[in-house]
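Got your viewer open? Let's take a walk through this one together, one selection at a time.

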Amino acid sequence: MHPTHWLISTQALHDHAGASASGVLWVRAPPAPRGVEFSGCLFLALRFPREGAPGAYALVAPADRALVAFPGRLAHAVLPLAPEALRDPDDVRISLAFNYP
C-alpha cells in the first residue's frame, strides 16, 4: 500500500454514544489549498433536519496543534482529504482521535 493511501480516506457519519466525550487532536495539519478548503474537515451534525426544520452543522478545519472535543453522542464525520492537499512529502497530516468514558 502506498504510504499516503490511508491519508486520502474519509470517516462516514457516526457517533460514540457510549463515550461522554470524543475528540481529535491534530498534531500536524497542513492548510488546505485554495479550491479545496473543506478537505479533511471535521463535520459535526449539530441538529438533523426534521418536520420542516432545517438541520445545523459545523465544519472544523484541521490546524496544527488544534484540539476539538465534543459530546460522544454527537454525530460526526471526516470529509475526504483532497489529493491536492498532499503537494509534497512534507505535507503530512497527523491526527489522534479519542473517546473518554
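Where is Asp91 found? Select Asp91 and you'll land in the loop between strand 6 and strand 7. Keep in mind as you look around that this is a predicted model.

Is Asp91 buried or exposed? Its relative accessible area is 10%, and buried means under 20%, so Asp91 is buried. Now show what Asp91 touches: leaving out residues up to four places away in sequence, you should see Arg28, Pro30, Ala85 and Leu86.

**Next stop: Arg93**

Stay in that loop and select Arg93, which also sits between strand 6 (76-78) and strand 7 (94-100). What is the nearest side chain of opposite charge? That's Asp64, 9.0 Å away. Arg93 is buried, yet has no salt bridge. Now look for Gly40: the side chain of Arg93 reaches the backbone oxygen of Gly40 at 3.0 Å.

**Zoom out for a moment**

Switch to a cartoon view. How many helices and strands does the protein have? There are 0 helices and 7 strands. Follow the chain from the N terminus and the elements read β-β-β-β-β-β-β. With just the C-alpha trace on screen, you're looking at something that spans about 45 × 35 × 25 Å along its principal axes.

The protein has 101 residues, and buried ones make up 29% of them. If you turn on contacts between residues at least 6 apart in sequence, 80% of those contacts join residues at least 24 apart.

**A pair of rings**

Back to side chains. How many aromatic pairs does a search of the whole structure find? The search finds 1. Select Phe43 and Tyr57 to see the pair: the ring centres are 5.4 Å apart and the planes sit at 20°, so these rings are stacked. For stacking, the planes have to be under 30 degrees apart.

Colour by strand and you'll find Phe43 in strand 3 (residues 42-47) and Tyr57 in strand 4 (residues 56-60), so the pair ties together parts that are 14 residues apart in sequence. Add a surface, too. Phe43 is partly exposed, with a relative accessible area of 21%, while Tyr57 is exposed, at 55%.

**Two backbone oddities**

Select Glu51, in the loop between strand 3 and strand 4. What is phi of Glu51 near? The angle is near 35°, a positive value in a residue other than glycine. On the surface view, Glu51 is exposed, with a relative accessible area of 87%.

Then hop to Arg65, in the loop between strand 4 and strand 5 (66-71). Arg65 isn't a glycine, but its phi is positive as well, at about 60°. Arg65 is exposed, with a relative accessible area of 71%.

**Last stop: confidence**

Finish by colouring the model by pLDDT. The protein averages 88, and 91% of the residues score at least 70. Which element has the lowest mean pLDDT, and which the highest? Strand 1 (residues 11-14) has the lowest, at 90, and strand 5 has the highest, at 98.

Now select residues 1-8, where the pLDDT is below 50. Beyond near neighbours in sequence, this stretch has 7 contacts in the model. Where pLDDT is low, the predicted coordinates shouldn't be read in detail.

Conventions. Residues numbered from 1 in each chain as written. Heavy atoms only, no water. Phe/Tyr/Trp six-rings, centres within 6.5 Å; stacked < 30°, edge-to-face > 60°. Helix = DSSP H or I, 4+ residues; strand = E, 2+ residues; numbered from the N terminus. Buried < 20%, exposed > 50% of the residue type's maximum accessible area, 1.4 Å probe, protein only. Lys, Arg positive; Asp, Glu negative; His and termini not counted. Salt bridge = Lys/Arg side-chain N within 4 Å of Asp/Glu carboxyl O. Polar contact = N/O pair within 3.5 Å; in protein donor to acceptor, adjacent residues only side chain to side chain. pLDDT = per-residue confidence, 0-100. Contact = heavy atoms within 4.5 Å.
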